[in-house]
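Could you walk me through this structure in plain words? I'd like to get a feel for how the pieces sit together.

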Amino acid sequence: MAASPAILSARRAEGDHIEEIERVLSGAVSTRDSTVVRSWLRCVDEHKLDPARPTEAYIVPETQLREHREQSERLIGIARTGLEHLYRQVAGQNYVLLLADAQGVTVDFLGDPAFMDPLREAGLMLGSEWSEARTGTCGVGSCIVAGEAMTIHQSDHFDTTHTRLSCTAAPIFDTNGALTAVLDISLLRSPQPKVSQTLALHLVTASARRIELANLMARMRSNWVLRFSRSPDFLDVDPEAAIALDGSGRILGMTHGGAILLAGVAGLDWREAAGIIGQPLSCFFDMSVDDLPAFTRGRAAEERILFARDASAVFVHAIEPERHPASKRMPAPILPQSLRGLSGGDSQMDALQAKAAKLAGTDIPILLQGETGTGKEYLARAIHECRPGNGSFIAVNCASIPEQLIESELFGYGPGAFTGALARGKRGLIEEADGGTLFLDEIGDMPLALQARLLRVLAEREVTPLGQSKPKTVRIKIISASHRDLGQLVEEGRFREDLYYRLNAAVLTLPALQQREDFDWLLDRLIHQRASAQNKQIRLAPDARLALSRHGWPGNLRELVNVIDVALSLNEDGVITGQDLPALARTPPSRETLNQQIPFEAKRSKSARAKLETALAECQGNLSEVARRLDIDRTTVYRRIKRLGLVISRP
Ligand SMILES: Nc1ncnc2c1ncn2[C@@H]1O[C@H](COP(=O)(O)OP(=O)(O)OP(=O)(O)O)[C@@H](O)[C@H]1O
């Protein structure tokens, strides 16, 4: 009986396919993807397969399937959510999903039950083996050999049995960098052009990445995990890569993206990445394990930038070790956006941030204390920004306005209130701030007589302009600031006690820069901020970082910002070295200079140094003993030693 036209056409297609493979084997140039060509060559040279001898899909016996599934049990559990999510994304398009182990055996499967028979016939089912050695070029098998995502579309398949299928597969790597599984998404019938599967390739690659991440988190949750992204926007929601670190900062595990990233920094091919396990983080990035707290989620993602040893930059998200995986932890308090960037893990600043967040929403006056340049006005603005409403932030420097003008500036005046006044009168700054925030900087310099009037505003929430009798009600948040010790001014009779008690109901004290435990974080953040404002990418050389961390910083953040700005202008090739730092930053100031320039806070810092030096000497360099004696934790002792450039001498 004569064959039907469909059978004849199928035979012709098979003949053409075999001829094409033979041409490629004889060295002819092919329009196929290079991954396909390489696989065809392997099929003949290594696997000894013959394109003229098609073989049916192979399904492993039940007992073997059970063994394969048992070995992959943990991964199947972790991958299941990813599989289901991907299946929903391609719902209604007749795709089937396969999770195969490293031998190519399908250990999990999701497909439309309505098509089970044709799927089974094509080998798209639980237990089917898709190794390249058995099946020839195919999505799962060729992905296992190449270790990369690919689409094997229709006649890309080596064996004519499978040339109807279109299979797109992505590898899943274990935390030690070994290929452990393959995620495959296949179609029984697909449109002719291979580009029709481009989206499938993206989806399957993204799903494999997420499964690796979930696997890393599940296996290494009792360790630090660092997640990476080139974009701050996706850092916290869909990172590109992740690594896990032990307590000393050595790499314990990684996702494939992590392996590619670290190998790239070290100038290696990712296939050599297994040697990365056990290496210290500092080999790859300008950071140590002590810096990890500065990269946790409390900071805005765009501020968590990290510089790699090859001068590239990446955004990071550090996740603290889960100490009690079984118990649910208390969720971390969510800070308003404007307050988030204030601390990089400094214990004093962390507490200050939390307190500021609580006070911001109230009408309680806040007093900011701290040396000059520690960021009092910056903090006041941040508090204002997290308040609801769109009132203005009005800053008044009580030390810089001439004494005779302060009253009229603050309270305003009515028409013709005094000689030289504007005929129509003038609104005072207190009224300007109505609905917003009045920031009274250098409140210690406010004349005594005005202090009484200010007290009335605070008590009665009313302001009476000069020359007027009718008070106006105002709703303002008052934040005052002083670098002076207001308590001492009260003792000296230069500041009203009643006003002092009203103002100091809520005091936030900013630490001196030299005291801050998050100095490195702050430094990197400021460099990044200042550099990006000038569209520059800048890295800090280790000698410059050392010089900066050892400087005394009497001018605090203001001085640091100035030093950075100068260094941004002086540096060459985008690297700030010791040479780019002005003399001030290279020579630590003398004790005399510190004593003269710094009032109360930094003296505390100086004595903190002396205390630490004494404790170190008396405890003979035993950090745990020092920590107990100073009643701080060991990590803080270590950070302070580093910051102050002290040497631990042991007997
Ligand atoms: N958290 C911060 N992040 C970035 N820049 C900051 C931060 N805090 C302060 N700065 C910068 O440091 C400089 C000094 O800050 P600010 O004027 O707020 O200090 P201050 O304590 O109010 O000083 P003074 O007591 O002299 O008035 C400013 O340029 C400010 O922009």
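Here is a short tour, going from the whole chain to a few strands, one arginine and the ligand.

Keep in mind that this is a predicted model. The chain has 651 residues, and 39% of them count as buried. Its secondary structure adds up to 26 helices and 23 strands. If you take the contacts with a separation of 6 or more, 66% are between residues 24 or more positions apart.

Let's begin with strand S9, residues 241-245. Here 5 of the 5 residues are buried, so the strand is largely enclosed by the rest of the structure. In a regular strand, side chains alternate between the two faces of the sheet. You can follow that along S9: Ala241, Ile243 and Leu245 are on one side, Ala242 and Ala244 on the other, and both faces are covered.

S9 has partners, too. It pairs with strand S8 (residues 224-229) in the antiparallel sense, over 5 bridges, and Arg227 stands opposite Ala242 there. Strand S10 (residues 251-254) is also antiparallel to S9, joined to it by 3 bridges, with Gly253 in S10 as the bridge partner of Ala244. S9 and S10 form a hairpin with 5 residues between the strands, and in that hairpin Gly249 takes a positive phi near 85 degrees.

Strand S5, residues 150-153, is another one covered on both faces: Met150 and Ile152 are buried on one side, Thr151 and His153 on the other. It runs antiparallel to strand S6 (residues 166-173), and 4 bridges join the two. His153 stands opposite Ser166 in S6.

Now for a residue in a helix. Arg530 is found in helix H19, residues 519-533. Is it buried or exposed? Something in between: Arg530 is partly exposed, because 16 other C-beta atoms lie within 10 Å, while being buried would take 20 or more. Leaving aside neighbours within four places in sequence, Arg530 is in contact with Ile564, Asp565 and Leu568. Val561 is 31 residues away from Arg530 in sequence, yet their C-alpha atoms are 8.2 Å apart.

That leaves the ligand. Which residues come nearest to it? Of the 15 around the ligand, they are Gly375, Lys376, Glu377, Tyr378 and Leu557. Helix H13 (376-385) and helix H21 (556-570) each supply at least two residues of this shell. Domain 3 (343-509) and domain 4 (514-644) each contribute at least three. By class, the shell is a mix of 5 nonpolar, 6 polar and 4 charged residues.

How values were computed. Residues are numbered from 1 along each chain as its sequence is written. This is a predicted model: local features need pLDDT of at least 70, side-chain atom pairs count only at pLDDT 80 or more; totals for chains, interfaces and linings use all residues. A residue is near a molecule or strand if its C-beta atom, placed from the backbone, lies within 6 Å of it. Ala, Val, Leu, Ile, Met, Phe, Trp, Tyr, Cys and Pro count as nonpolar, Asp, Glu, Lys and Arg as charged, and the others, Gly among them, as polar. Domain bounds come from an automatic or database domain assignment. A residue is buried if 20 or more other C-beta atoms lie within 10 Å of its own, exposed if 12 or fewer, and partly exposed in between; C-beta atoms are placed from the backbone. Two strands pair if DSSP finds at least two bridges between them. Two residues are in contact if their C-beta atoms, placed from the backbone, lie within 7 Å.
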